[in-house]
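Subject: Handing over a structure, with notes

Dear colleague,

I am passing a structure on to you, and below it you will find what I found when going through it. Please have it open while you read, since the notes move from one part to another.

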Amino acid sequence: MKAIVKIALVVLVALALIGGGFYAIMNRMAQSPEQRYKQQAVEKGEIVQTVSANGTLNPVVLVNVGTQVSGTVTKLYVDFNDKVEKGQPLLELDRSLLAAQARQSAANIGNIAATLDLARASEARMKSLFEQEYVSRQEVEQAVQARKSAEAQLAQAKAAADKDQVNLNYTIIRSPVSGIVVDRVVDLGQTVAASLQTPTLIKIAQDLSEMRIDSSFAEADIGKIKEGQKVRFTVDAFPDKSFVGEVQQIRLNATVQQNVVTYNVRVSLQNPDQILLPGMTAYVNIGVARRDDALMVPNTALRFKPPEAEASKNGSTVGEPKAKGKKRDGASGTVYVIDGKVLKPVPIQLGITDNRNTEVVGGELKAGDLVIVGENTASSGGKPSSVGMRLF
């Protein structure tokens, strides 16, 4: 008995759904096209086509200050966000070992200088004895050779002393440029080792009033981008503010990741208030084409397809006709207008788009024509339809 009741209930629900659906279809068919569909006028105006990508804000000049000698950090003169001048000390390394080496080199110079004095005196004495024929020419030449060797050793010792003094001076690391400290990698007591690759201790941005954006654009868009084009971008820190830049350079070196090819496009910009900071993510838009007095059709009208258009594939009279005459270069599309009580498809040739509107470059549309952009969900009485049943 319970099974019979359940089957009957299911049958009643199915009949109700079928009846409700039939009623809805008949109700929609009874509506006029003006009531059933939303319309929007075709207008003329400015349209700008853009390409977009994300990028990172960087200083124009970012100097990585390193060290040429090894040692332990004994003094720190600067910290994050400090402004520095060119030549200003940034930090000091332990100089005791290098100072001892410099003193050793200075002492070595004194020792070799004394040897040179002796060699010069010996040479003079030998020349005097040679004139009196007390010594041979070979002995004189040996004295000359000893003097020249002592001179060479002295020059070598002075060069070594200069090198040691330079290394000693390198224990005081100075700023190579004027700017602001954006990163400090070391702390007091930390030992740094200068090897084949100089370690970075401090990063200095030379001037934050001028910055750049390094962005990655897909290869499909790169052909439309040219140096000198204006750029608009936003950052998360100021979502309601738009900033302006200019395409400075298109890097020829491509990056391939997972078979996706991108190119680095460098954008230059002014940052007089210095509110844009290094490392911020920039959402870049580059205008690649512009029309000042374009006939524009909404993109929603291009996407609209009435149910009858699907039925046309099975023999209905409403469909997407082919454009008459010589086909122009570029994309084509179809929009629908209301012609009496039926929908009329209108083929058009399309130009650039700003993702909201698309330029019309050919076809029978003109400014002021009403195109269908969607279907109304309300009934002919203006109230939402109540047909249907909730099964939960």
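Helix α3, which covers residues 96–131, packs against helix α4, which covers residues 137–169, at an angle of about 165 degrees and with the two axes 8 Å apart. Since angles over 145 degrees count as roughly antiparallel, α3 and α4 are therefore described as roughly antiparallel to each other. Their contact is made up of 20 nonpolar, 8 polar and 9 charged residues, and the crossing of the two helices is left-handed. Please keep in mind throughout that this is a predicted model.

Turning to the strands, there is an open sheet of 4 strands, which follow one another in the order β7-β6-β4-β9 with antiparallel pairing. At its edges lie β7 (172–174) and β9 (191–192), each of which pairs on one side only. Within this sheet, β4 (residues 71–76) and β6 (residues 89–93) are joined in the antiparallel sense over 3 bridges, and among the residues involved is valine 73, whose bridge partner in β6 is leucine 93. As general background, strands of a sheet pair through backbone hydrogen bonds, either parallel or antiparallel.

A further antiparallel pair is formed by β16 (residues 332–339) and β17 (residues 342–353), which are linked over 8 bridges. Here valine 335 stands opposite valine 346 in β17. The two strands form a hairpin with 2 residues between them, and in that turn glycine 340 has a positive phi of about 75 degrees. Is β16 enclosed by the rest of the structure, or is it left open? Of its 8 residues 6 are buried, so the strand is largely enclosed by the rest of the structure.

Finally, I looked at a single residue, alanine 254, which is located in strand β13 (residues 238–257). Its relative accessible area is 31%, and because values from 20% to 50% lie between buried and exposed, alanine 254 is classed as partly exposed. Leaving aside residues up to four places away in sequence, alanine 254 touches Val261, Thr262 and Tyr263. The C-alpha atom of alanine 254 is also separated by 8.9 Å from that of glutamate 219, although the two residues are 35 residues apart along the chain.

With best wishes

Methods
Residues numbered from 1 in each chain as written. Predicted model: local features only at pLDDT ≥ 70, side-chain atom pairs only at ≥ 80, totals over all residues. Heavy atoms only, no water. Pairing = 2+ DSSP bridges. Buried < 20%, exposed > 50% of the residue type's maximum accessible area, 1.4 Å probe, protein only. Axes fitted to C-alpha atoms, helices over the stretch in contact; angles between N-to-C directions. Parallel < 35°, antiparallel > 145°, perpendicular 65-115°, else oblique. Left-handed = near helix turned anticlockwise from the far one by under 90°. Nonpolar A, V, L, I, M, F, W, Y, C, P; charged D, E, K, R; others polar. Contact = heavy atoms within 4.5 Å.
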